[in-house]
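Q: I'm new to reading protein structures. Could you walk me through this one?

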Amino acid sequence: MTILFSDVTKSYGKEKALDQITLEFQPGKIYGLLGPNGSGKSTTLKLITGLVYPNQGKVTVLGEKVTRKTSQHVAYLTELDMFHESFTVEKILSFYASQFPDFSLDKAQLLLQELKLEPQKKVKKLSKGNRGRLKLVLTLARTTPIILLDEPFSGLDAMVREAMVTSLLKYLDFSKQTVIIATHEINEVESLLDEVLAIYNGQIVGQEHVETLREEYGLSVLEWFKMKMEEKGV
């Protein structure tokens, strides 16, 4: 297995973001981590990267307990926008290449063309949609065994979402990489997913193979997720 959570609890002050979670993520699969805002999706991803640590239990990545060094194995698209506003797109690519040995400038240039981003344009002049595209370029241009996408489509229009999904399909290595997409924009990602997990109030309340949902239960991912939330009174 690539990622393992063993009885993990994470609290911020008195608030439990995750409550005794045990789960695993296998290589070569794309997972959808689905839940409303505040359900624990982002905390789950941060625990995998080593940005935060559990109060109880253990998280392992590639067989090793997570530390800050784990980030070398993880490409992480955060919901936050942390670009240097005065940099051009091209300069940001060069900066990432200097920070991550696995960052491919050639792949990044192909992604810029694919997503129609201008290399000489300054970040402060990019639209919200193009900033989202740039975050995806920086994530997919790394050659890591794990890719984490935190709300990659949040606030973006349908055309931008479609372009981003196309790039995901084209540039992911489906045979080797473990991909986790944390989102509540379910329709956009359903075609990508192998497995789905529903998270609510810090607990995993459902997990299924997407193929099983369709063939055995006749449900879309969205229908299944709504059913899981209704069971919790949401």
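Q: How far apart do the end C-alpha atoms of residues 3–226 lie, and what share of the span is helix and strand?
A: Keep in mind that this is a predicted model. The two end C-alpha atoms lie 27 Å apart, and the span is 33% helix and 28% strand. In an unreviewed UniProt entry, residues 3–226 carry the annotation "domain: ABC transporter".

Q: How should I read the sheet, and what is the order of its strands?
A: In general, strands of a sheet pair through backbone hydrogen bonds, either parallel or antiparallel. Here you've got an open sheet of 6 strands in the order 6-7-8-3-9-10, with mixed pairing. Strand 6 (74–77) and strand 10 (203–209) are the edges, each pairing on one side only. Strand 6 runs parallel to strand 7 (residues 146–150), joined by 4 bridges, and Val74 stands opposite Ile146.

Q: Which strands does helix 4 touch?
A: Helix 4 (residues 128–140) packs on the sheet, touching strand 6 and strand 7. Its direction makes about 175 degrees with that of strand 6.

Q: What about the nonpolar core: which residues touch the most other members?
A: The general idea is that in soluble globular proteins, nonpolar side chains tend to be buried together. The largest core here has 49 residues, and Leu134, Val137, Leu140, Leu168, Ile181 and Val196 touch the most other members. Helix 5 (residues 158–171) gives the most, with 6 residues.

Q: Why does this core lie between domain 1 and domain 2?
A: Because both domain 1 (1–64 + 195–207 + 223–233) and domain 2 (67–177) give residues to the core. Apart from it lies another core, of 24 residues, including Ile3 and Tyr76.

Notes. Residues numbered from 1 in each chain as written. Predicted model: local features only at pLDDT ≥ 70, side-chain atom pairs only at ≥ 80, totals over all residues. Heavy atoms only, no water. UniProt positions renumbered as here; feature names shortened; annotations may be inferred. Core = buried A, V, L, I, M, F, W, Y, C linked by side-chain atoms within 4.5 Å. Buried < 20%, exposed > 50% of the residue type's maximum accessible area, 1.4 Å probe, protein only. Domains from an automatic or database assignment. Pairing = 2+ DSSP bridges. Contact = heavy atoms within 4.5 Å. Axes fitted to C-alpha atoms, helices over the stretch in contact; angles between N-to-C directions.
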